[in-house]
Amino acid sequence: MFLELLLLLLQAVAPQPATQSELPVQMGFRVSPDTVLVGQPFTLFVKVLAPKGVRFEFPTGPDTTTQNGVRPIELRGEKIVTMLGDTAVALYHLVAWDVGIQQLRLPDVRLSFQGQERHPALGSASVFVKSVLPADTSLRVPKPARPLIVLPVFNWLRWLALLAALIAIALAWWAWRRYRNRPKPPIDPYVRAQQEFAKVEARRLIESGEPEEHVAAMVDVAREYLAARVPGVRRSDTTTELLRTMQPRSGIEDELPRLLALADMVKFARAEVVEQEAREAGTKVRSIVDHVEARLNPASEPAKRAAAARERAA
């Protein structure tokens, strides 16, 4: 009888495997501060006391599902979990974005031990968010959350079209410059001399009282023609050098030394020339050019006119 009582007593004090209802758990939390403004950070401190060997699992953070485009509670940073013996401590840094009583919306803490689980609830944790609006404001509509980064859409086609237009304008300007500065086709020396003679006579220098300028201009035209037509004659030749190189033939060309000397006297010695002498000098200069052209270029108009004159004389 005594042995049976002893066995019953030992069974009563012997450790029994814990069930879910027998797993002793104590949990507390504190919101600090419990009243905040919109955007003001606050903390949630959670402390759980359980037997040795219990595994603690704290939620990662609050439910961030938006309400009317606003996230009421948001986790700032990572949660901090610390084990002090058989006590687990978790710290959450939170911030509220809506006014009024805001539930922290944290899932339950999960405790497991030898296949048994407990789920202490944190659903009652809340914070009061004060409004900074006047008391009579009742039409507050929260603005939706804006995206973190807004990248503007750049229209490249417009700039590419502008660049193509600039390139086309530059090419057109280059082509116009090249066309304007293109080398002019060479003009026959005799034709150019006749054009210059006409320009000098169109100035009517003799009528305006400048016969000396008329003689000098007509002789300069003849010099340009001889430098272009007669081999060996250069524009920089003096009168002596020009005559030595050209060797004028008999006839009207015999007047060339006198006319060149007259032009030199006019240009370098300010010699005076009467109107009649200036007209005769201009006429003879043109005749000399015609005679040289007929002699050096048998196919020219002066050569044809000279041949026709000889035929008529014959």
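## Close-up views of a predicted model

**View 1. Strand 8 (residues 100–103) runs antiparallel to strand 11, with 4 bridges holding the pairing.** What you're looking at here, and in every view that follows, is a predicted model. Two residue pairs help you find your way along this pairing: Q102 has V127 as its bridge partner in strand 11, and Q103 sits opposite S126. Strand 11 also pairs with strand 2 (residues 35–37), this time in the parallel sense, over 3 bridges. To spot that pairing, look for V36, which stands opposite V129.

**View 2. Put those pairings together and you get an open sheet of 3 strands in the order 2-11-8, with mixed pairing.** Strand 2 and strand 8 each have a single partner strand and stand at the edges, so each has one side without a neighbour in the sheet. From one strand to the next, the twist averages 40°.

**View 3. Strand 11 (residues 126–130) has one covered face and one uncovered face.** Side chains in a regular strand alternate between the two faces of the sheet. In strand 11, V127 and V129 make up the covered face, while S126, F128 and K130 are on the uncovered one. You've met some of these residues already: V127 is the bridge partner of Q102, and V129 is across from V36. On the uncovered face, S126 is the residue opposite Q103.

**View 4. A second open sheet has 3 strands in the order 4-9-10, with antiparallel pairing.** The edges belong to strand 4 (55–57) and strand 10 (116–118); each has just a single partner strand, so one side of each goes without a neighbour in the sheet. Here the twist averages 20° from one strand to the next. Strand 4 and strand 9 (residues 110–113) share 3 antiparallel bridges, and a handy pair to look for is E57 with its bridge partner R110 in strand 9.

**View 5. Strand 9 and strand 10 form a hairpin with 2 residues between the strands.** The two strands run antiparallel and are joined by 3 bridges. F113 has Q116 as its bridge partner in strand 10. What sign does the phi of Q114 take in this hairpin? Q114 has a positive phi, near 55°.

**View 6. Strand 7 (residues 87–96) is largely enclosed by the rest of the structure, because 8 of its 10 residues are buried.** Strand 3 (residues 41–49) runs antiparallel to strand 7, and 9 bridges join them. Look for K47 facing V89 to get your bearings on that pairing. Strand 7 also pairs with strand 5 (residues 73–75), again in the antiparallel sense, over 3 bridges. For that pairing, the pair to find is L75, which stands opposite L94.

**View 7. A227 has its place in helix 4 (residues 211–229).** Is A227 buried or exposed? Its relative accessibility is 16%, and the cut-off for buried is under 20%, so A227 counts as buried. Leaving out residues up to four places away in sequence, A227 touches V233, R234 and R235. L242 is worth marking too: it comes 15 residues from A227 along the chain, with 8.7 Å between their C-alpha atoms.

**View 8. The largest pocket holds about 510 Å³ of space.** Rolling a probe the size of a water molecule over the atoms shows where empty space is left. Which residues lie nearest the centre of the largest pocket? They are V70, R71, W97, K143 and A145, out of a lining of 20 residues. The lining is a mix of 10 nonpolar, 3 polar and 7 charged residues.

**View 9. Zoomed back out, the whole chain has 8 helices and 11 strands.** Of its 314 residues, 28% are buried. Take the contacts between residues at least 6 apart in sequence: 64% of them join residues at least 24 apart.

How values were computed. Residues numbered from 1 in each chain as written. Predicted model: local features only at pLDDT ≥ 70, side-chain atom pairs only at ≥ 80, totals over all residues. Heavy atoms only, no water. 1 Å grid on protein atoms, 1.4 Å probe; cavity = no way out; pocket = protein on both sides within 12 Å on 5 of 7 lines; lining within 4 Å. Points joined across faces, edges and corners; volume = space filled by probe spheres on them. Nonpolar A, V, L, I, M, F, W, Y, C, P; charged D, E, K, R; others polar. Pairing = 2+ DSSP bridges. Axes fitted to C-alpha atoms, helices over the stretch in contact; angles between N-to-C directions. Buried < 20%, exposed > 50% of the residue type's maximum accessible area, 1.4 Å probe, protein only. Contact = heavy atoms within 4.5 Å.
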